[in-house]
Amino acid sequence: MALARVDHLSFAYPGGGAALQDVSLAVEPGELVVLLGPSGSGKSTLLRALAGLVPHFHGGRFSGSVEVAGMDTRVRRPAELAGAVATLFQDPEDQVVMTRVENEVAFGLENLGLPPAEIPARASAALAAVGATHLAGRAVAELSGGELQRVCLAATLALEPRLLLLDEPTSQLDPEAARALLDLARRSGIAVVCSEQRPALPLERADRVVFLDGGRVLLDAPRERALEWLRAERPAWTEPRSVHGRGSARELACRVADMSFAYPNGHVALEHQSLELRRGEIVALVGANGSGKTTLAKVAAGLLESQGGSVVRHGRAGYLSQDPGRYLVAERADEEVALGVGGNLERARTALAAVGLAAAADRHPRDLSSGERERLALAAVAVIEPDLLVLDEPTRGVDPERKAELADRLRREAPRRATLVVTHDLVFAAAVADRVVSLDESSEARVA
């Protein structure tokens, strides 16, 4: 008997068009289902429906039915489903409620009413399962994006759900951590529905693949048949395209020399780090979660001031943050982009068209999908035509076809500027970069 069943589900958010249209599928106990599709195709909405957040939290127009562990989500609210289903959201920053890691993992267990004496051991076991025991005593605000994603996963696994919903779970994880997460989910025996835009690792482990586009199911098939369909119909999802035509580096845009940085709480993020960025080249900065990549990127862009060593920057820097959705302030997408160019809507709409969002110019930024918001933020940074463009996890939430378009654009525009790409997406790094700089645990740069 299916653990979860979706029957003829259609849904539209308040004031919006259809997010899901006549979707039907079932999830069996212990099954790993990988959910694929372009940005805005309805993947996150389907996960929210399985968690009961659609329609109870989001409102909107709902028809059809969703059942999880025999409970109809139309009559059972998300809190009543908590013992059966748990979700790791796309933006872990929006999931955290406590200030310390150990308290965050314990919080859900307390809400389930577990005996207080059992909670510490269960929380510790969940942190150990995701390789985050060393983070137990840390403040949540001190964590990198990848570390925070591990903590949120631990909090989710601690609940011991029957159905685990993962929305872009590897988007901020280094490859080793991403591999370990998916292996853990596979071994757990829990039914897992995993939405992903970095499909290689999930596809290796999937039992079934569901492909959504325009809110409709185009494919629901076992792994091998699904791979055949993807190769024939959506090859970008199985065969990432390399970008040719590497550029030649010219004048210096930024030099970071023997730089160290520690945060006010005493955490040393970088020691004696050096990096050169030149106009005409794209440099990918990779490394494990917590190795200091974002800190180095912010120093290069001038958002953090180094504490030792020197930083020389020529021209204007533009920085795309790791979670750009947190910094949206305007009521329309074109107005958001126009903020950087004195309200020039014509330039803003040209920048939106360059990232495939011409039709979204009059939409509210928060009505866009995560991948669309990422592209909106890229347009808002690129429109100022910086001499140094720093992109922190720019492929987070972006589907493979859009990644290929982004790689094409960065390569095409490389002669205009120096570009630094902070990423855990090694496939994207290999496709786009002239150089790959790796930060190991000792924060020393190594060039590949």
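Which residues does Asp-323 touch, not counting residues up to four places away in sequence? In this predicted model, the residues touched by Asp-323 are Asp-91, Glu-93 and Arg-396. Asp-323 is found in the loop that runs between strand E15 (317-320) and helix H11 (333-338). With a relative accessible area of 9%, Asp-323 counts as buried, because buried residues are those under 20%. Asp-323 and Met-259 are 64 residues apart along the chain, and their C-alpha atoms are separated by 25 Å.

A second charged residue, Lys-403, was examined in the same way. Lys-403 is found in helix H14, which covers residues 400-413. The relative accessible area of Lys-403 is 9%, so this residue is buried. Its contacts, not counting residues up to four places away in sequence, are Gln-197, Arg-198, Thr-395, Val-398, Asp-425 and Phe-428.

The nonpolar interior was considered next. In soluble globular proteins, nonpolar side chains tend to be buried together. The largest nonpolar core of the model contains 39 residues, of which Val-105 and Leu-166 touch the most other members. At least two residues of this core are supplied by each of strand E6 (85-88), helix H4 (101-111), helix H5 (119-129), helix H6 (145-157), strand E7 (163-167), helix H7 (175-187) and strand E8 (191-195). When residues up to four places away in sequence are not counted, Leu-166 touches Leu-47, Leu-88, Leu-153, Leu-181, Val-192, Val-193, Cys-194 and Ser-195. A second core, separate from this one, has 36 residues and includes Ala-351, Leu-368, Val-383 and Leu-391.

Helices H4 and H5 pack against each other at an angle of about 120 degrees, and their axes are 9 Å apart. Because of this angle, H4 is oblique to H5. The crossing in which H4 passes H5 is right-handed. On the H4 side, the residues that meet H5 are Val-101, Val-105, Ala-106, Leu-109 and Glu-110. Their counterparts in H5 are Ile-119, Arg-122, Ala-123, Ala-126 and Leu-127. An α-helix has 3.6 residues a turn, so residues three or four places apart point the same way.

Two open sheets are described here. One has four strands in the order E2-E1-E4-E5, and the pairing is antiparallel. Its edge strands are E2 (18-27) and E5 (71-72), each of which pairs on one side only. Strand E4 (residues 61-68) is joined to E5 by two bridges, and these two strands run antiparallel. Val-68 has Met-71 in E5 as its bridge partner. Helix H1 (residues 43-51) lies across strands E1 (4-12), E2 and E4, and runs at about 120 degrees to E1. H1 is mostly covered, since eight of its nine residues are buried. The buried residues of H1 are Lys-43, Ser-44, Thr-45, Leu-46, Leu-47, Ala-49, Leu-50 and Ala-51. Gly-52 follows H1 and has a positive phi, near 85 degrees.

The other open sheet consists of three strands in the order E12-E11-E14, also with antiparallel pairing. Strands E12 (268-278) and E14 (310-313) stand at its edges; each has a single partner strand, so one side of each is left without a neighbour in the sheet. On average, and with direction ignored, neighbouring strands of this sheet are turned by 15 degrees against each other. Four bridges join strand E11 (residues 252-262) to E14, and the two run antiparallel. The bridge partner of Cys-254 in E14 is Arg-313.

Backbone geometry was examined last. Most residues other than glycine have a negative phi, and most peptide bonds are trans. His-8, which is found in strand E1, has a positive phi near 50 degrees although it is not a glycine. Is His-8 buried or exposed? His-8 counts as exposed, because its relative accessibility is 53% and the exposed class lies over 50%. Glu-385, also a residue other than glycine, has a positive phi of about 55 degrees. This glutamate lies in the loop between helix H13 (370-382) and strand E16 (388-392). Glu-385 is exposed as well, with a relative accessible area of 57%. The peptide bond from Val-54 to Pro-55 is cis, with omega near 10 degrees. Pro-55 is found in helix H2, which covers residues 53-56.

Notes. Residues are numbered from 1 along each chain as its sequence is written. This is a predicted model: local features need pLDDT of at least 70, side-chain atom pairs count only at pLDDT 80 or more; totals for chains, interfaces and linings use all residues. Side-chain values use heavy atoms; hydrogens and water are left out. Two strands pair if DSSP finds at least two bridges between them. Contact means heavy atoms within 4.5 Å. Axes are lines fitted to C-alpha atoms, for helices over the stretch in contact, and angles run from 0 to 180 degrees between N-to-C directions. A nonpolar core is a set of buried Ala, Val, Leu, Ile, Met, Phe, Trp, Tyr and Cys residues joined through side-chain atoms within 4.5 Å. Buried means under 20% relative accessible area, exposed over 50%, partly exposed in between (1.4 Å probe, protein chains only). Angles under 35 degrees count as roughly parallel, over 145 as roughly antiparallel, 65 to 115 as roughly perpendicular and the rest as oblique. A crossing is left-handed if the near helix is turned anticlockwise from the far one by less than a right angle, and right-handed if clockwise.
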